Amino acid sequence: MPEPDLCEISVPNRIGFRFPGLDVPKSELPKGLVREVLPLPELYEVDVVRRYTRLSQLNHAIDTGYYPLGSCTMKYNPKINEDMARQPGFAAVHPLQPIQSVQGCLALMYDLQEWLKEIGGFAGVTLQPAAGAQGELTGILIIRAYHKDRGDHKRTKILIPDSAHGTNPATSAMSGMTVVEIKSDERGNVDLEALREQCDDTLAGIMLTNPNTLGLFDEHLEEVIHMVHEAGGLVYGDGANMNALLGILRPGDIGIDVLHYNLHKTFSTPHGGGGPGSGPVGVRSHLVDFLPSPIVTITDEGDEETPPIYGFYSPPKSIGRVKSFHGHFGMMVRAYTYMLMHGKEGLRKISEHAVLNANYLLARLRHVYHVPYDRICMHEFVAEGHWEDAPEIRALDISKRLMDFGFHPPTNYFPLIVHEALMIEPTETESKQTLDAFADALITIAQEARTNPEILKTAPHRTPVGRVDEVKAAKDLILSCGVSVEEEE
Ligand SMILES: *Cc1c(COP(=O)(O)O)cnc(C)c1O
(Lines give C-alpha, C1' and ligand atoms only; values in the text may rest on other atoms or scores of the structure.)
Protein backbone atom coordinates (compact mmCIF):
# COMPACT_ATOMS: atom_id res chain seq x y z
CA MET A 1 0.00 0.00 0.00
CA PRO A 2 1.44 3.42 -0.88
CA GLU A 3 2.20 5.67 2.07
CA PRO A 4 -0.74 8.14 2.34
CA ASP A 5 0.18 11.79 2.12
CA LEU A 6 -0.64 13.41 5.46
CA CYS A 7 -2.00 16.50 3.72
CA GLU A 8 -4.34 14.33 1.68
CA ILE A 9 -5.83 12.51 4.66
CA SER A 10 -6.13 15.74 6.64
CA VAL A 11 -9.71 16.79 7.51
CA PRO A 12 -10.40 20.38 8.67
CA ASN A 13 -10.91 20.69 12.45
CA ARG A 14 -9.93 17.11 13.19
CA ILE A 15 -7.96 17.25 16.43
CA GLY A 16 -5.43 14.76 17.71
CA PHE A 17 -3.96 16.53 20.74
CA ARG A 18 -5.06 18.39 23.83
CA PHE A 19 -3.13 21.28 25.38
CA PRO A 20 -2.74 21.17 29.15
CA GLY A 21 -4.91 23.63 31.06
CA LEU A 22 -3.72 27.24 31.18
CA ASP A 23 -1.67 27.88 34.35
CA VAL A 24 -0.58 31.45 33.52
CA PRO A 25 -2.70 34.57 32.88
CA LYS A 26 -4.06 34.71 29.35
CA SER A 27 -2.54 37.42 27.14
CA GLU A 28 -2.59 38.40 23.49
CA LEU A 29 0.51 37.74 21.41
CA PRO A 30 1.90 40.77 19.54
CA LYS A 31 0.50 41.16 16.02
CA GLY A 32 2.66 39.73 13.26
CA LEU A 33 4.22 37.13 15.53
CA VAL A 34 1.68 34.46 14.69
CA ARG A 35 1.07 33.20 11.16
CA GLU A 36 -2.55 33.59 10.09
CA VAL A 37 -2.46 30.38 8.10
CA LEU A 38 -0.33 27.42 9.08
CA PRO A 39 -0.94 24.58 6.62
CA LEU A 40 -0.41 21.65 9.01
CA PRO A 41 -2.35 18.45 8.40
CA GLU A 42 -5.20 17.89 10.86
CA LEU A 43 -5.19 14.28 12.05
CA TYR A 44 -6.10 11.90 14.84
CA GLU A 45 -3.33 10.78 17.16
CA VAL A 46 -3.52 7.21 15.86
CA ASP A 47 -2.89 8.38 12.27
CA VAL A 48 0.26 10.15 13.37
CA VAL A 49 1.47 7.20 15.45
CA ARG A 50 0.97 4.78 12.54
CA ARG A 51 2.60 7.11 10.09
CA TYR A 52 5.78 7.55 12.13
CA THR A 53 5.95 3.94 13.23
CA ARG A 54 5.79 2.90 9.56
CA LEU A 55 8.36 5.51 8.59
CA SER A 56 10.70 4.22 11.29
CA GLN A 57 10.56 0.81 9.63
CA LEU A 58 11.42 2.01 6.13
CA ASN A 59 15.07 2.70 6.87
CA HIS A 60 17.63 -0.03 6.54
CA ALA A 61 19.31 -0.56 9.91
CA ILE A 62 21.88 -2.91 11.37
CA ASP A 63 19.05 -4.55 13.34
CA THR A 64 17.08 -5.25 10.16
CA GLY A 65 19.72 -6.28 7.64
CA TYR A 66 23.30 -6.66 6.50
CA TYR A 67 25.25 -3.42 6.25
CA PRO A 68 28.64 -3.90 4.53
CA LEU A 69 29.43 -0.17 4.40
CA GLY A 70 33.19 0.05 3.95
CA SER A 71 35.24 2.17 6.37
CA CYS A 72 32.23 2.51 8.67
CA THR A 73 32.49 -0.81 10.56
CA MET A 74 28.72 -1.25 10.76
CA LYS A 75 28.90 -4.17 13.16
CA TYR A 76 26.02 -5.46 15.25
CA ASN A 77 25.51 -3.40 18.42
CA PRO A 78 24.91 -5.89 21.26
CA LYS A 79 21.78 -5.06 23.23
CA ILE A 80 23.54 -5.46 26.57
CA ASN A 81 25.34 -2.20 25.72
CA GLU A 82 21.97 -0.50 25.68
CA ASP A 83 20.87 -2.12 28.95
CA MET A 84 23.99 -0.82 30.65
CA ALA A 85 23.76 2.69 29.19
CA ARG A 86 20.18 2.86 30.50
CA GLN A 87 21.11 2.03 34.10
CA PRO A 88 19.81 5.01 36.11
CA GLY A 89 23.23 5.51 37.73
CA PHE A 90 24.66 6.17 34.28
CA ALA A 91 21.71 7.61 32.40
CA ALA A 92 20.46 10.07 35.01
CA VAL A 93 23.71 11.76 36.09
CA HIS A 94 24.43 15.40 35.40
CA PRO A 95 27.91 16.66 34.51
CA LEU A 96 27.69 19.39 37.16
CA GLN A 97 26.97 16.97 40.03
CA PRO A 98 29.50 17.00 42.87
CA ILE A 99 32.44 14.72 42.10
CA GLN A 100 31.73 12.54 45.17
CA SER A 101 28.33 11.63 43.73
CA VAL A 102 29.64 10.37 40.34
CA GLN A 103 32.57 8.24 41.46
CA GLY A 104 31.24 5.18 39.60
CA CYS A 105 31.01 7.09 36.32
CA LEU A 106 34.53 8.45 36.78
CA ALA A 107 35.82 4.96 37.57
CA LEU A 108 34.31 3.72 34.30
CA MET A 109 35.90 6.59 32.36
CA TYR A 110 39.23 5.98 34.05
CA ASP A 111 39.18 2.26 33.19
CA LEU A 112 38.18 3.02 29.61
CA GLN A 113 41.11 5.43 29.31
CA GLU A 114 43.42 2.74 30.69
CA TRP A 115 42.09 0.07 28.33
CA LEU A 116 42.38 2.32 25.29
CA LYS A 117 45.97 3.08 26.36
CA GLU A 118 46.66 -0.65 26.56
CA ILE A 119 44.96 -1.48 23.25
CA GLY A 120 46.81 1.24 21.34
CA GLY A 121 50.14 1.30 23.17
CA PHE A 122 49.71 4.88 24.38
CA ALA A 123 50.72 6.85 27.48
CA GLY A 124 47.63 9.06 27.67
CA VAL A 125 44.05 9.18 26.37
CA THR A 126 41.33 11.82 26.19
CA LEU A 127 37.71 10.70 25.94
CA GLN A 128 36.37 14.12 25.00
CA PRO A 129 36.10 14.16 21.18
CA ALA A 130 32.57 13.59 19.91
CA ALA A 131 33.52 11.71 16.72
CA GLY A 132 36.44 10.46 14.68
CA ALA A 133 36.68 13.73 12.79
CA GLN A 134 36.84 15.69 16.04
CA GLY A 135 39.47 13.28 17.30
CA GLU A 136 41.49 14.11 14.20
CA LEU A 137 41.12 17.82 14.90
CA THR A 138 42.25 17.22 18.48
CA GLY A 139 45.25 15.20 17.31
CA ILE A 140 46.39 17.71 14.72
CA LEU A 141 46.01 20.56 17.23
CA ILE A 142 48.21 18.53 19.61
CA ILE A 143 50.83 18.09 16.87
CA ARG A 144 50.71 21.82 16.16
CA ALA A 145 51.06 22.66 19.86
CA TYR A 146 54.01 20.27 20.17
CA HIS A 147 56.01 21.96 17.40
CA LYS A 148 55.11 25.45 18.65
CA ASP A 149 56.18 24.54 22.16
CA ARG A 150 59.62 23.63 20.80
CA GLY A 151 59.80 26.94 18.94
CA ASP A 152 59.63 25.02 15.67
CA HIS A 153 57.25 27.46 13.98
CA LYS A 154 58.12 26.52 10.40
CA ARG A 155 56.44 23.12 10.68
CA THR A 156 53.02 23.60 9.12
CA LYS A 157 52.95 20.91 6.43
CA ILE A 158 50.79 17.80 6.86
CA LEU A 159 51.17 14.93 4.38
CA ILE A 160 48.06 12.97 3.46
CA PRO A 161 48.03 9.88 1.24
CA ASP A 162 45.62 10.01 -1.71
CA SER A 163 43.65 7.08 -0.25
CA ALA A 164 42.74 9.06 2.89
CA HIS A 165 39.27 9.76 4.21
CA GLY A 166 38.07 13.27 3.36
CA THR A 167 38.08 14.26 7.01
CA ASN A 168 41.91 14.08 7.09
CA PRO A 169 42.61 17.02 4.74
CA ALA A 170 39.60 18.90 6.16
CA THR A 171 40.97 18.56 9.69
CA SER A 172 44.44 19.68 8.70
CA ALA A 173 43.15 22.70 6.82
CA MET A 174 40.93 23.66 9.79
CA SER A 175 43.97 23.52 12.04
CA GLY A 176 45.77 26.04 9.83
CA MET A 177 48.09 23.46 8.28
CA THR A 178 49.11 23.17 4.65
CA VAL A 179 47.98 19.90 3.13
CA VAL A 180 50.21 18.03 0.68
CA GLU A 181 48.88 14.90 -0.97
CA ILE A 182 51.11 11.83 -1.27
CA LYS A 183 50.31 9.34 -3.97
CA SER A 184 50.04 5.59 -3.53
CA ASP A 185 52.24 3.10 -5.35
CA GLU A 186 50.90 0.32 -7.53
CA ARG A 187 50.49 -2.02 -4.55
CA GLY A 188 48.42 0.52 -2.62
CA ASN A 189 51.20 1.59 -0.23
CA VAL A 190 52.41 5.12 0.49
CA ASP A 191 54.82 5.91 -2.38
CA LEU A 192 58.20 6.14 -0.65
CA GLU A 193 59.79 8.37 -3.31
CA ALA A 194 56.92 10.86 -3.14
CA LEU A 195 57.22 10.82 0.65
CA ARG A 196 61.00 11.36 0.62
CA GLU A 197 60.57 14.50 -1.50
CA GLN A 198 58.36 16.06 1.17
CA CYS A 199 60.49 15.23 4.20
CA ASP A 200 62.01 18.62 5.02
CA ASP A 201 62.12 21.03 7.95
CA THR A 202 58.60 22.34 7.26
CA LEU A 203 57.10 18.91 7.90
CA ALA A 204 54.67 18.88 10.85
CA GLY A 205 53.54 15.32 10.30
CA ILE A 206 51.69 12.74 8.27
CA MET A 207 48.16 11.38 8.68
CA LEU A 208 48.22 7.65 8.09
CA THR A 209 45.29 5.29 7.94
CA ASN A 210 46.50 1.75 8.49
CA PRO A 211 45.15 -0.54 7.23
CA ASN A 212 44.42 2.12 4.64
CA THR A 213 41.08 2.72 3.00
CA LEU A 214 41.89 0.10 0.36
CA GLY A 215 41.79 -2.33 3.29
CA LEU A 216 45.51 -2.95 2.88
CA PHE A 217 48.27 -3.02 5.45
CA ASP A 218 51.05 -0.71 4.24
CA GLU A 219 54.00 -2.96 3.44
CA HIS A 220 56.48 -0.19 4.34
CA LEU A 221 54.68 1.10 7.41
CA GLU A 222 57.75 1.16 9.65
CA GLU A 223 59.84 2.81 6.96
CA VAL A 224 57.21 5.51 6.43
CA ILE A 225 57.06 6.24 10.16
CA HIS A 226 60.86 6.26 10.40
CA MET A 227 61.25 8.70 7.49
CA VAL A 228 58.74 11.15 8.97
CA HIS A 229 60.36 10.97 12.42
CA GLU A 230 63.85 11.43 10.94
CA ALA A 231 62.62 14.61 9.27
CA GLY A 232 61.30 15.90 12.64
CA GLY A 233 57.62 15.26 11.89
CA LEU A 234 55.02 13.36 13.92
CA VAL A 235 52.77 10.54 12.79
CA TYR A 236 48.99 10.79 13.18
CA GLY A 237 47.12 7.50 12.96
CA ASP A 238 43.54 7.53 11.73
CA GLY A 239 42.23 4.70 13.91
CA ALA A 240 38.91 4.22 12.11
CA ASN A 241 40.25 0.88 10.93
CA MET A 242 41.22 -0.48 14.34
CA ASN A 243 38.77 -3.33 13.79
CA ALA A 244 41.58 -5.03 11.88
CA LEU A 245 44.21 -4.64 14.61
CA LEU A 246 42.75 -5.28 18.08
CA GLY A 247 45.11 -7.40 20.16
CA ILE A 248 47.40 -7.89 17.15
CA LEU A 249 49.21 -4.60 16.61
CA ARG A 250 49.48 -1.63 18.95
CA PRO A 251 49.94 1.55 16.89
CA GLY A 252 51.94 3.26 19.64
CA ASP A 253 54.48 0.42 19.66
CA ILE A 254 55.48 1.04 16.05
CA GLY A 255 55.85 4.79 16.48
CA ILE A 256 52.42 6.24 15.73
CA ASP A 257 52.45 9.31 17.98
CA VAL A 258 48.76 10.11 18.17
CA LEU A 259 45.66 8.21 17.06
CA HIS A 260 41.89 8.51 17.33
CA TYR A 261 39.57 5.60 18.01
CA ASN A 262 36.00 5.50 16.77
CA LEU A 263 34.10 3.89 19.64
CA HIS A 264 31.07 3.89 17.31
CA LYS A 265 32.92 1.74 14.81
CA THR A 266 35.39 -0.58 16.52
CA PHE A 267 33.67 -0.81 19.89
CA SER A 268 30.09 -1.36 18.75
CA THR A 269 28.39 1.80 19.90
CA PRO A 270 25.61 2.70 17.46
CA HIS A 271 26.17 5.07 14.59
CA GLY A 272 24.63 6.29 11.40
CA GLY A 273 22.02 8.96 11.07
CA GLY A 274 24.26 11.56 12.64
CA GLY A 275 23.74 10.35 16.20
CA PRO A 276 26.32 10.88 18.93
CA GLY A 277 29.66 9.21 18.33
CA SER A 278 32.83 9.14 20.36
CA GLY A 279 36.38 9.63 19.12
CA PRO A 280 38.88 9.26 22.00
CA VAL A 281 42.50 10.17 21.22
CA GLY A 282 45.58 8.32 22.45
CA VAL A 283 49.08 9.82 22.51
CA ARG A 284 52.62 8.65 23.23
CA SER A 285 54.48 10.05 26.22
CA HIS A 286 55.98 13.14 24.53
CA LEU A 287 52.44 14.41 23.81
CA VAL A 288 50.57 13.74 27.08
CA ASP A 289 51.08 17.29 28.34
CA PHE A 290 49.12 18.65 25.38
CA LEU A 291 45.96 16.53 25.79
CA PRO A 292 42.62 18.33 26.14
CA SER A 293 41.66 19.15 29.69
CA PRO A 294 40.27 17.76 31.95
CA ILE A 295 41.32 14.10 32.12
CA VAL A 296 39.99 11.61 34.66
CA THR A 297 42.58 10.55 37.19
CA ILE A 298 42.92 8.88 40.59
CA THR A 299 43.30 11.63 43.19
CA ASP A 300 43.61 9.28 46.15
CA GLU A 301 44.81 5.70 45.76
CA GLY A 302 42.91 4.50 48.81
CA ASP A 303 43.94 1.31 50.57
CA GLU A 304 42.61 -2.16 51.40
CA GLU A 305 39.58 -0.72 53.17
CA THR A 306 38.82 2.39 51.13
CA PRO A 307 38.35 2.43 47.36
CA PRO A 308 40.31 4.91 45.23
CA ILE A 309 38.88 8.39 44.73
CA TYR A 310 38.60 9.74 41.22
CA GLY A 311 38.85 13.33 40.05
CA PHE A 312 40.19 15.41 37.20
CA TYR A 313 43.50 16.93 36.22
CA SER A 314 44.56 19.42 33.56
CA PRO A 315 47.67 18.59 31.52
CA PRO A 316 50.16 21.49 31.87
CA LYS A 317 50.31 22.48 28.18
CA SER A 318 46.77 21.39 27.31
CA ILE A 319 45.26 22.53 24.02
CA GLY A 320 42.12 23.21 26.11
CA ARG A 321 38.67 21.71 25.87
CA VAL A 322 37.40 20.26 22.62
CA LYS A 323 33.91 19.35 23.86
CA SER A 324 31.52 20.57 26.51
CA PHE A 325 31.82 18.67 29.79
CA HIS A 326 33.32 15.20 29.29
CA GLY A 327 32.24 13.98 25.87
CA HIS A 328 29.49 11.51 25.07
CA PHE A 329 29.35 9.49 28.26
CA GLY A 330 26.60 7.11 27.04
CA MET A 331 28.89 5.96 24.23
CA MET A 332 31.65 5.31 26.77
CA VAL A 333 29.37 3.07 28.82
CA ARG A 334 28.51 1.05 25.69
CA ALA A 335 32.13 0.67 24.58
CA TYR A 336 33.19 -0.25 28.13
CA THR A 337 30.49 -2.93 28.27
CA TYR A 338 31.59 -4.30 24.90
CA MET A 339 35.23 -4.55 26.00
CA LEU A 340 34.28 -6.12 29.31
CA MET A 341 32.08 -8.71 27.57
CA HIS A 342 34.88 -9.72 25.20
CA GLY A 343 37.92 -9.54 27.43
CA LYS A 344 41.48 -9.44 26.15
CA GLU A 345 41.36 -12.62 24.10
CA GLY A 346 37.92 -11.81 22.76
CA LEU A 347 39.07 -8.46 21.41
CA ARG A 348 41.78 -10.16 19.40
CA LYS A 349 39.25 -12.65 18.03
CA ILE A 350 37.10 -9.75 16.81
CA SER A 351 39.88 -8.58 14.52
CA GLU A 352 40.85 -12.07 13.42
CA HIS A 353 37.28 -12.79 12.37
CA ALA A 354 36.80 -9.38 10.74
CA VAL A 355 39.87 -10.03 8.57
CA LEU A 356 38.81 -13.61 7.85
CA ASN A 357 35.32 -12.54 6.77
CA ALA A 358 36.71 -9.89 4.43
CA ASN A 359 39.14 -12.30 2.82
CA TYR A 360 36.38 -14.90 2.42
CA LEU A 361 34.21 -12.40 0.55
CA LEU A 362 37.18 -11.24 -1.49
CA ALA A 363 37.92 -14.83 -2.48
CA ARG A 364 34.33 -15.36 -3.59
CA LEU A 365 34.17 -12.13 -5.61
CA ARG A 366 37.62 -11.47 -7.05
CA HIS A 367 36.90 -13.49 -10.22
CA VAL A 368 33.68 -11.62 -10.88
CA TYR A 369 34.62 -8.07 -9.89
CA HIS A 370 37.93 -6.45 -10.75
CA VAL A 371 39.96 -5.77 -7.60
CA PRO A 372 42.69 -3.33 -8.62
CA TYR A 373 44.90 -3.82 -5.55
CA ASP A 374 44.45 -7.56 -5.28
CA ARG A 375 46.36 -8.92 -2.32
CA ILE A 376 45.42 -10.38 1.06
CA CYS A 377 43.21 -7.72 2.57
CA MET A 378 42.60 -6.73 6.16
CA HIS A 379 39.04 -6.07 7.37
CA GLU A 380 37.74 -4.66 4.07
CA PHE A 381 38.55 -4.49 0.36
CA VAL A 382 37.74 -2.31 -2.62
CA ALA A 383 36.43 -3.68 -5.92
CA GLU A 384 35.50 -1.90 -9.15
CA GLY A 385 31.81 -1.61 -10.03
CA HIS A 386 32.49 -1.58 -13.72
CA TRP A 387 33.13 -4.04 -16.58
CA GLU A 388 34.38 -3.39 -20.10
CA ASP A 389 31.70 -5.66 -21.58
CA ALA A 390 28.90 -3.83 -19.72
CA PRO A 391 30.03 -0.26 -20.37
CA GLU A 392 26.85 1.52 -19.27
CA ILE A 393 26.85 -0.02 -15.79
CA ARG A 394 28.32 2.00 -12.91
CA ALA A 395 28.98 1.21 -9.26
CA LEU A 396 25.86 3.19 -8.39
CA ASP A 397 23.69 0.83 -10.46
CA ILE A 398 25.13 -2.20 -8.69
CA SER A 399 24.50 -0.62 -5.30
CA LYS A 400 20.93 0.29 -6.17
CA ARG A 401 20.27 -3.24 -7.39
CA LEU A 402 21.70 -4.73 -4.19
CA MET A 403 18.88 -3.04 -2.30
CA ASP A 404 16.42 -5.29 -4.16
CA PHE A 405 18.17 -8.25 -2.50
CA GLY A 406 17.68 -6.66 0.92
CA PHE A 407 21.28 -5.52 1.45
CA HIS A 408 22.60 -2.10 2.29
CA PRO A 409 24.98 -1.03 -0.50
CA PRO A 410 28.72 -0.92 0.12
CA THR A 411 30.48 2.44 0.26
CA ASN A 412 30.52 3.93 -3.27
CA TYR A 413 33.13 6.12 -4.97
CA PHE A 414 35.57 6.06 -2.05
CA PRO A 415 38.53 5.78 -1.94
CA LEU A 416 38.91 8.10 -4.90
CA ILE A 417 41.88 6.22 -6.34
CA VAL A 418 39.72 3.27 -7.39
CA HIS A 419 37.57 3.75 -10.49
CA GLU A 420 33.87 3.17 -9.67
CA ALA A 421 34.81 2.01 -6.17
CA LEU A 422 32.74 -0.47 -4.18
CA MET A 423 34.24 -0.61 -0.71
CA ILE A 424 33.08 -3.68 1.18
CA GLU A 425 33.51 -4.26 4.91
CA PRO A 426 31.71 -7.36 6.17
CA THR A 427 32.67 -7.04 9.89
CA GLU A 428 33.07 -10.02 12.22
CA THR A 429 29.47 -10.13 13.38
CA GLU A 430 28.09 -11.73 10.20
CA SER A 431 27.57 -15.45 9.68
CA LYS A 432 28.88 -17.43 6.70
CA GLN A 433 25.28 -17.73 5.48
CA THR A 434 24.89 -13.95 5.35
CA LEU A 435 28.24 -13.52 3.61
CA ASP A 436 27.30 -16.18 1.05
CA ALA A 437 23.90 -14.64 0.38
CA PHE A 438 25.59 -11.29 -0.18
CA ALA A 439 28.24 -12.77 -2.48
CA ASP A 440 25.52 -14.65 -4.41
CA ALA A 441 23.60 -11.40 -4.90
CA LEU A 442 26.68 -9.62 -6.22
CA ILE A 443 27.41 -12.51 -8.59
CA THR A 444 23.82 -12.49 -9.87
CA ILE A 445 24.05 -8.74 -10.39
CA ALA A 446 27.28 -9.16 -12.38
CA GLN A 447 25.41 -11.57 -14.70
CA GLU A 448 22.44 -9.21 -14.99
CA ALA A 449 24.82 -6.43 -15.99
CA ARG A 450 25.47 -8.37 -19.21
CA THR A 451 22.06 -9.95 -19.81
CA ASN A 452 19.59 -7.37 -18.49
CA PRO A 453 21.37 -4.09 -17.77
CA GLU A 454 18.06 -2.23 -17.68
CA ILE A 455 17.12 -3.91 -14.41
CA LEU A 456 20.23 -2.40 -12.83
CA LYS A 457 19.74 1.00 -14.43
CA THR A 458 16.22 1.31 -13.02
CA ALA A 459 16.86 -0.31 -9.63
CA PRO A 460 15.83 -0.41 -6.86
CA HIS A 461 12.47 -2.01 -7.59
CA ARG A 462 11.48 -3.41 -4.19
CA THR A 463 12.12 -0.47 -1.89
CA PRO A 464 9.52 2.05 -0.68
CA VAL A 465 11.17 4.70 -2.87
CA GLY A 466 12.55 3.81 -6.30
CA ARG A 467 15.48 5.40 -8.14
CA VAL A 468 15.73 9.03 -7.15
CA ASP A 469 17.34 11.91 -8.95
CA GLU A 470 20.10 12.40 -6.39
CA VAL A 471 21.25 15.77 -7.64
CA LYS A 472 17.72 17.17 -7.63
CA ALA A 473 17.05 15.61 -4.22
CA ALA A 474 20.03 17.46 -2.74
CA LYS A 475 19.44 20.75 -4.57
CA ASP A 476 15.69 20.98 -4.18
CA LEU A 477 14.84 19.74 -0.71
CA ILE A 478 11.21 19.07 0.06
CA LEU A 479 10.81 19.60 3.78
CA SER A 480 7.09 20.06 4.24
CA CYS A 481 3.83 18.96 2.63
CA GLY A 482 4.66 19.25 -1.04
CA VAL A 483 6.41 22.61 -0.73
CA SER A 484 10.00 22.68 -1.93
CA VAL A 485 12.49 25.05 -0.33
CA GLU A 486 12.76 26.93 -3.61
CA GLU A 487 9.00 27.58 -3.77
CA GLU A 488 8.86 28.64 -0.13
CA GLU A 489 11.50 31.27 -0.73
C1 LIG B 1 34.69 7.15 9.74
C2 LIG B 1 36.04 7.60 9.39
C3 LIG B 1 36.54 8.85 9.84
C4 LIG B 1 35.69 9.88 10.56
O5 LIG B 1 35.07 9.41 11.70
P6 LIG B 1 33.67 10.02 12.19
O7 LIG B 1 33.45 9.39 13.49
O8 LIG B 1 32.66 9.64 11.15
O9 LIG B 1 33.84 11.51 12.28
C10 LIG B 1 37.84 9.15 9.54
N11 LIG B 1 38.62 8.31 8.82
C12 LIG B 1 38.17 7.13 8.36
C13 LIG B 1 39.10 6.24 7.60
C14 LIG B 1 36.86 6.73 8.63
O15 LIG B 1 36.41 5.57 8.16
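This is a guided tour of selected residues in the structure above. The model is a predicted one.

**First stop: a buried side chain and its partners**

Begin by selecting Asn 189, which is found in the loop between β3 (178-182) and α8 (192-198). Is Asn 189 buried or exposed? Its relative accessible area is 1%, so Asn 189 is buried, the limit for that word being under 20%. Next, display the side chain of Glu 219, with which the side chain of Asn 189 makes a polar contact at 2.7 Å. Add Arg 375 to the selection as well; the side chain of Asn 189 makes a polar contact with the side chain of Arg 375 at 3.0 Å.

**Second stop: salt bridges**

Keep Glu 219 in view and select Arg 187. These two residues form a salt bridge, and their closest N and O atoms are 2.7 Å apart. Arg 187 belongs to the loop between β3 and α8, while Glu 219 belongs to the loop between β4 and α9 (221-230), so the salt bridge ties together parts that are 32 residues apart in sequence. Arg 187 is partly exposed at 41% relative accessible area, and Glu 219 is partly exposed at 40%.

Side chains of opposite charge can pair when their charged atoms come close. How many salt bridges does a search of the whole structure find? The search finds 29.

For another of them, select Asp 200 and Lys 157, whose closest N and O atoms are 3.0 Å apart. This pair links distant parts of the chain, 43 residues apart: Asp 200 is in the loop between α8 and β4 (203-209), and Lys 157 is in strand β2 (residues 157-161). Asp 200 is partly exposed, with a relative accessibility of 31%, whereas Lys 157 is buried, with 8%.

Then move to Lys 472 and Asp 476, which form a salt bridge with their closest N and O atoms 3.2 Å apart. Lys 472 counts as partly exposed at 48% relative accessibility, but Asp 476 counts as buried at 17%. To see a network of salt bridges, select Arg 364, Lys 432, Asp 436 and Asp 440 together.

**Third stop: the backbone**

Most residues other than glycine have a negative phi, and most peptide bonds are trans. The following residues may be viewed with that in mind.

Select Tyr 413, in the loop between β11 and β12. Although Tyr 413 is not a glycine, its phi is positive, at about 60°. Tyr 413 is partly exposed, with a relative accessible area of 28%. Continue along the chain to the bond between Phe 414 and Pro 415, which is a cis peptide bond with omega of about 0°. Pro 415 lies in the loop between β11 (411-412) and β12 (421-424).

Now select Thr 427, in the loop between β12 and α12 (432-451). Its phi is positive, near 70°, and Thr 427 is buried, with a relative accessible area of 1%. Which residue does a cis peptide bond join to Ala 459? The residue is Pro 460, and omega is about 0°. Pro 460 is placed in the loop between α13 (453-457) and α14 (470-475).

**Last stop: the surface**

Finally, select Asp 300, Glu 301, Asp 303, Glu 304 and Glu 305, which gather in a patch of negative charge on the surface. Asp 300 lies in strand β8 (residues 295-300) and counts as partly exposed at 40% relative accessibility. End the tour at Ser 285, in the loop between β7 (281-283) and β8. Ser 285 counts as exposed, at 54% relative accessibility.

Notes. Residues are numbered from 1 along each chain as its sequence is written. This is a predicted model: local features need pLDDT of at least 70, side-chain atom pairs count only at pLDDT 80 or more; totals for chains, interfaces and linings use all residues. Side-chain values use heavy atoms; hydrogens and water are left out. Patches are made of residues with over 30% relative accessible area and no salt bridge: like charges are joined within 9 Å, nonpolar side chains (Val, Leu, Ile, Met, Phe, Trp, Tyr) within 5 Å. Accessible areas come from the Shrake-Rupley method with a 1.4 Å probe; for residues, only the protein chains shown count as cover. A salt bridge is a side-chain nitrogen of Lys or Arg within 4 Å of a carboxyl oxygen of Asp or Glu. Lys and Arg count as positive and Asp and Glu as negative; His and the chain ends are not counted. The place of a charge is taken as NZ of Lys, CZ of Arg, CG of Asp or CD of Glu. Helices (H or I, at least four residues) and strands (E, at least two) are DSSP runs, numbered from the N terminus. Buried means under 20% relative accessible area, exposed over 50%, partly exposed in between (1.4 Å probe, protein chains only). A polar contact is a pair of N or O atoms within 3.5 Å; within protein, one must be able to donate a hydrogen and the other to accept it, and residues adjacent in sequence count only if both atoms are side-chain atoms.
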